[in-house]
Amino acid sequence: MLKQRTLQSLTKAVGVGLHSGQRVELTLRPAQPDTGIVFRRVDLPLPVDIPISAVAVTDTRLASTISNAGAKVFTVEHLMSACAGLGLDNLYIDITAEEVPILDGSASSFVFLLQSAGIVEQNAPKRFIRVTQPVEVREGDGANVKWARLDPHHGYKLSFEIDFHHPAVDSTGQRVVFDMDTGNYVRDIARARTFGFTRDVEMMRANGLALGGGLDNAIVMDDYKVLNSDGLRYDDEFVKHKILDAMGDLYLIGKPLLAAYSAFRSGHAMNNKLLRELLSRPDAYEVVTFEDARKAPPGLAQLAPAW
Ligand SMILES: [Zn+2]
């Protein structure tokens, strides 16, 4: 049987929120089988649990925000991406403010934390959402078109294309395909950082956003070039970060997908719209388990061996 996974022990991290600039403490704790991933706002007078789900996503303007009973957590996507990449099913995430810390702007610090705590299998079958019919969402047309879709696939594969016109981005790859069967999330995707432009950052700061952002946790560009003195971590770091974000956004459905995701200029809002479209079509998916782990796609069955 292909089993669910959780952490072996708890682990903590302290950082600042990208937008709020607020100091925040995270405690990642093991959870029982079938708990799923649950954020808990422990700073509120009465702690509020926010289980991840496609419909818990309430704001996607700059990051993916989830809510429950009036409590929110902003910028969950990089941590969710690490959970997706390591195949974690059950986890409590205690948080002392309303935004997940940005750490280094990628998922690699979360990967390190989760792997350091150890990942263990649990005695319950791992449940996947298998896409059985193509599902697509699309907006705009001509030069403004953007779309995202899921197709049936025995495994998990993502293909993303960006279309930025900027001297620092034009020269890098604008399209990436990442296949969990043949690629390695920790090596190939997790280190890609979020990115932004100085002119946007100035505008965002004037509006009380991006207060925790800087060269330590983002690729920052002016109108011509990358300003970080150590350059890029991957030649195609920009589009790889979009794959990282998409993996986090899609994991908010609450179970790993068996599907091929492809997208052109998609973002947090469209990724969530795609999940809602899928869930509105019961003919387009089914929940499956693997009694025989050898029948599961190898990239999803052999994830992150327990340390
Ligand atoms: Zn991101």
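Reader: Where do H241 and D245 lie, and how many residues apart are they?

Author: In this predicted model, H241 and D245 both lie in helix α6, which covers residues 237–251, and they are four residues apart, about one turn of the helix.

Reader: What makes H78, H241 and D245 the protein donors of the zinc ion?

Author: The cut-off for a donor here is an N, O or S atom within 2.8 Å of the metal. NE2 of H78, NE2 of H241 and two OD entries of D245 lie 2.1 to 2.7 Å from the zinc ion, so they count as donors under that cut-off. Water is not among the atoms, so the site may look incomplete. Along the sequence, the spacing of the donor residues is H-x162-H-x3-D.

Reader: Why is the arrangement of the four donor atoms around the zinc ion called irregular?

Author: Four donors count as tetrahedral if all angles lie between 85 and 135 degrees. The angles subtended at the zinc ion run from 53 to 149°, and because both ends of that span fall outside the tetrahedral limits, that label is ruled out. Square planar would need opposite donors over 155 degrees apart, whereas the angles here reach 149°, and the arrangement is therefore irregular. As a point of reference, the ideal angle for four tetrahedral donors is 109.5 degrees.

Reader: How do you know whether H241 and D245 are buried or exposed?

Author: Buried means under 20% relative accessible area. H241 has 1% relative accessibility and so counts as buried, and D245, at 9%, counts as buried because that value is also under the limit.

Reader: What makes strand β9 count as mostly covered, and which residues lie on each of its faces?

Author: In β9, residues 91–95, five of the five residues are buried. L91, I93 and I95 are on one side, with Y92 and D94 on the other, and both faces are covered.

Reader: How do you know that β9 pairs with β3 and with β4, and in which sense does each pair run?

Author: Two strands pair if there are at least two bridges between them. Strand β3 (residues 23–29) and β9 are joined in the antiparallel sense over four bridges, while β4 (residues 37–41) and β9 run parallel with five bridges. I95 in β9 is the bridge partner of L26 and also that of R41.

Reader: What makes β6 and β8 the edge strands of their open sheet?

Author: The sheet has three strands in the order β6-β7-β8, with antiparallel pairing. The strands β6 (57–59) and β8 (71–73) each pair on one side only, and the twist from one strand to the next averages 45°. Between β7 (residues 65–68) and β8 there are three bridges, and N68 stands opposite A71 in β8.

Terms used: Residues numbered from 1 in each chain as written. Predicted model: local features only at pLDDT ≥ 70, side-chain atom pairs only at ≥ 80, totals over all residues. Heavy atoms only, no water. Donors = N, O, S within 2.8 Å, 3.2 Å for Na, K, Ca; no water. Tetrahedral: all angles 85-135°; square planar, octahedral: opposite > 155°, others 65-115°. Helix = DSSP H or I, 4+ residues; strand = E, 2+ residues; numbered from the N terminus. Buried < 20%, exposed > 50% of the residue type's maximum accessible area, 1.4 Å probe, protein only. Axes fitted to C-alpha atoms, helices over the stretch in contact; angles between N-to-C directions.
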